[in-house]
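Here are a few exercises to work through with the model open beside you. Try each one before you read its solution.

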Amino acid sequence: MVQKTRGFITILTGLYSFQDCVHFLAAIRKFHQEPIIILIDSVPKLLYPLLKAFKNVTLKPAPANENTVLASRQAKLALYAASDFEKTIYLDSDICLLSNINDVFEYLDEYDFLLTEDVQPFISKATNLLRGNQQDLLPNVLPILQSVGLPLQEDSVQYNGGFIAFRKTEITQNFFDEFQQNFEIVKNNQDKLLLKDQGAFASAIASVHPKMKILPPTYNYLSKWQDAYNIQEKIKVLHCTYPYRPQYAKNVTRSLYTRIFDRFAKVFLPNQVTNPWRTK
């Protein structure tokens, strides 16, 4: 049941992203007061107050899995069901807002989805979804994806799932149902595919055809790939992709609380760079 008009949602599965999430919350609260839902798993409950220190934060259990990367993928499939809002902005927890994004909520009056394209938007070139040598795989990307049953075509687009804005509609619910079914295909073909959600997401878009607005990269600026951009507008959403962490955006998230937290984080939290699940 939709309880509130609009809000944010993110995912925290495991301690490797805990420090990211604290800075994520600090950045949201600098520009927005809407409620925030965190889908959480594999985090000791004694640490929950560090997240609840930011007002109007709700913690909901994410689908549990020993593999924290798989758990985060499964949580993304559950976004529609987990959201309490008519209008929802999902952001990865390694994102730092650099301004308010009220316009995104306003666009959802008209559109089912607001998305940003990946740095490499062409599915036919998406070697990042496949296991093996990327150079060798390049001519066969689309045939491999199609061979496992994903309904993708030459003109299919890869979107970056770190930013997804959606509203509660029947079409959106159908999309998430298709997203889940296609991700099962990805899971069942791990000999060929990496455990990523972009292929399943693009397949659901191709099947459902929701009413979408594609936002410019200023709404999902991946710092790791900054040399790939040629933009003049102000960046609104900084996606501090691994291994570039959002806690480095001190001018946005710095406070007495985050400064003290960061000192303890160096000692008590595992390093994101050493997350063993990233190599599996």
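**Exercise 1.** Is Phe 179 buried or exposed?

*Solution.* Keep in mind that this is a predicted model. Start with the relative accessible area of Phe 179, which is 0%. Buried means under 20%, so Phe 179 counts as buried.

**Exercise 2.** Work out how the rings of Phe 179 and Phe 201 are arranged.

*Solution.* A pair of aromatic rings is described by the distance of the centres and the angle of the planes. For Phe 179 and Phe 201, the centres are 5.3 Å apart and the planes stand at 85°. Planes over 60 degrees apart count as edge-to-face, so that is the label for this pair. Next, place the two residues: Phe 179 is in helix α8 and Phe 201 in helix α9 (residues 198–208), so the pair links parts of the chain 22 residues apart. Phe 201 is buried too, with a relative accessible area of 2%. Finally, zoom out: both rings belong to one aromatic cluster, together with Tyr 80, Phe 113, Tyr 159, Phe 166, Phe 175 and Phe 176. Tyr 80 also has Lys 168 lying over its face, at 4.2 Å from the ring centre.

**Exercise 3.** Find out what surrounds Phe 183.

*Solution.* First locate Phe 183: look in helix α8, residues 170–187. Then check its relative accessible area, which is 0%, so Phe 183 is buried. Now list its contacts, leaving aside neighbours within four places in sequence: Leu 70, Arg 73, Leu 77, Leu 195, Lys 196, Asp 197 and Ala 200.

**Exercise 4.** The whole structure has 18 aromatic pairs. Take the one made by Phe 54 and Tyr 257, and say what it ties together.

*Solution.* Geometry comes before location here: the pair is edge-to-face, 5.6 Å centre to centre with 80° between the planes. Phe 54 sits in the loop between α2 (48–52) and β3 (57–61), while Tyr 257 is in helix α11 (residues 256–268), so the pair ties together parts 203 residues apart in sequence. As for accessibility, Phe 54 is buried at 12%, whereas Tyr 257 is partly exposed at 27%.

**Exercise 5.** Which strands stand at the edges of the open sheet β5-β10-β9?

*Solution.* Read off the order of this three-stranded sheet, β5-β10-β9, and note that its pairing is mixed. β5 (95–97) and β9 (221–222) each have a single partner strand, so they are the edges, and one side of each is left without a neighbour in the sheet. To check one pairing, look at β5 and β10 (residues 237–239): they run antiparallel and are joined by three bridges. Leu 97 stands opposite Val 237 in β10.

How values were computed:
Residues are numbered from 1 along each chain as its sequence is written. This is a predicted model: local features need pLDDT of at least 70, side-chain atom pairs count only at pLDDT 80 or more; totals for chains, interfaces and linings use all residues. Side-chain values use heavy atoms; hydrogens and water are left out. Helices (H or I, at least four residues) and strands (E, at least two) are DSSP runs, numbered from the N terminus. Buried means under 20% relative accessible area, exposed over 50%, partly exposed in between (1.4 Å probe, protein chains only). Contact means heavy atoms within 4.5 Å. Two strands pair if DSSP finds at least two bridges between them. Rings of Phe, Tyr and Trp (its six-membered ring) pair if their centres lie within 6.5 Å; planes under 30 degrees apart count as stacked, over 60 as edge-to-face and the rest as tilted. A charge sits over a ring if NZ of Lys or CZ of Arg is within 6 Å of the ring centre and within 35 degrees of the ring normal.
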